[in-house]
Amino acid sequence: MYAVIKTGGKQYTVRENDTIEIEKLNAAVGDEVALTDILLIQGDQGQVVGTPIVEGATVKGKVVAQGRSKKVVGFTYKPRKNIRNRYGHRQSITKVLIEKISY
C-alpha cells in the first residue's frame, strides 16, 4: 500500500515505515503528525484518486528529527558591471517516519 501526499508545496510517494524529509513542520521530535492532503492511495481494494484530495484518508507519522538540508550555493552577476554575488541557502527540514496509511 502506498500513497501520494502533498505537503510544503511538493508531492511525495510514501509507504509505511518510510522516512521522508519534508519542509519544516511545527512539531517537536517524537510528536505524532497527521498529513491529510492525500492525492492518491493504492491499496488492496485498488487505486483511489482524489479530486483533488481523497476524502477521509490520512497518513500518520512520527517526527524523527528537525534539521537543515544540504547547502545550495547560488551565484548572480551582471555582465560588464563588475557585480558578482555568491550566496548559500539551507532549507529547514523535518524527518518524518510514516507509521500508518488509512482510508
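## A walk through the strands

Let's start with a hairpin: strand S8 (residues 72–78) and strand S9 (residues 83–89) run antiparallel and are joined by seven bridges. Strands here are DSSP runs of E of at least two residues, numbered from the N terminus, and two strands pair if DSSP finds at least two bridges between them. One bridge matches Val 73 with Gly 88 in S9. Four residues sit between the two strands of the hairpin, and one of the turn residues, Arg 80, has a positive phi of about 65 degrees without being a glycine. Arg 80 is exposed, with a relative accessible area of 82%; exposed means over 50%, buried under 20%, and partly exposed in between, using a 1.4 Å probe and protein chains only.

A word on where this comes from: this is a predicted model, in which local features need pLDDT of at least 70 and side-chain atom pairs count only at pLDDT 80 or more, while totals for chains, interfaces and linings use all residues. Residues are numbered from 1 along each chain as its sequence is written, and side-chain values use heavy atoms, with hydrogens and water left out.

Arg 80 has a counterpart in the loop between S2 and S3, where you'll find Asn 17. Asn 17 is not a glycine either, yet its phi is positive, about 70 degrees. With a relative accessible area of 62%, Asn 17 is exposed.

Now for the sheet. Four strands make an open sheet in the order S2-S1-S5-S6, with antiparallel pairing. S2 and strand S6 (46–49) are the edge strands, each pairing on one side only. From one strand to the next the twist averages 15 degrees, taken between axes that are lines fitted to C-alpha atoms, with angles running from 0 to 180 degrees between N-to-C directions. S5 and S6 are joined by four bridges, and Ile 41 stands opposite Val 48 in S6. Past S6, in the loop that leads to S7, comes Pro 52, which is joined to Thr 51 by a cis peptide bond with omega of about 0 degrees.

What about the inside? In soluble globular proteins, nonpolar side chains tend to be buried together. The largest nonpolar core here has 19 residues, and Ile 5, Val 14 and Val 59 touch the most other members. Such a core is a set of buried Ala, Val, Leu, Ile, Met, Phe, Trp, Tyr and Cys residues joined through side-chain atoms within 4.5 Å. The largest share, three residues, comes from S10. Val 14 is in contact (heavy atoms within 4.5 Å) with residues including Ile 5, Val 59, Ile 98 and Ile 101, leaving aside neighbours within four places in sequence.

S10 (residues 92–102) also holds Val 96, which counts as buried because its relative accessibility is 0%. Leaving out residues up to four places away in sequence, Val 96 touches Ile 20, Ile 22, Leu 25 and Val 64, among others.

Which threonines are buried too? Thr 7 in strand S1 is one of them, at 12% relative accessibility; beyond its neighbours within four places, Thr 7 is in contact with Tyr 12, Ile 22 and Leu 25. Thr 58, in strand S7, counts as buried at 19%. The side chain of Thr 58 makes a polar contact of 2.8 Å with the side chain of Ser 102; that term means a pair of N or O atoms within 3.5 Å, where within protein one must be able to donate a hydrogen and the other to accept it, and residues adjacent in sequence count only if both atoms are side-chain atoms.
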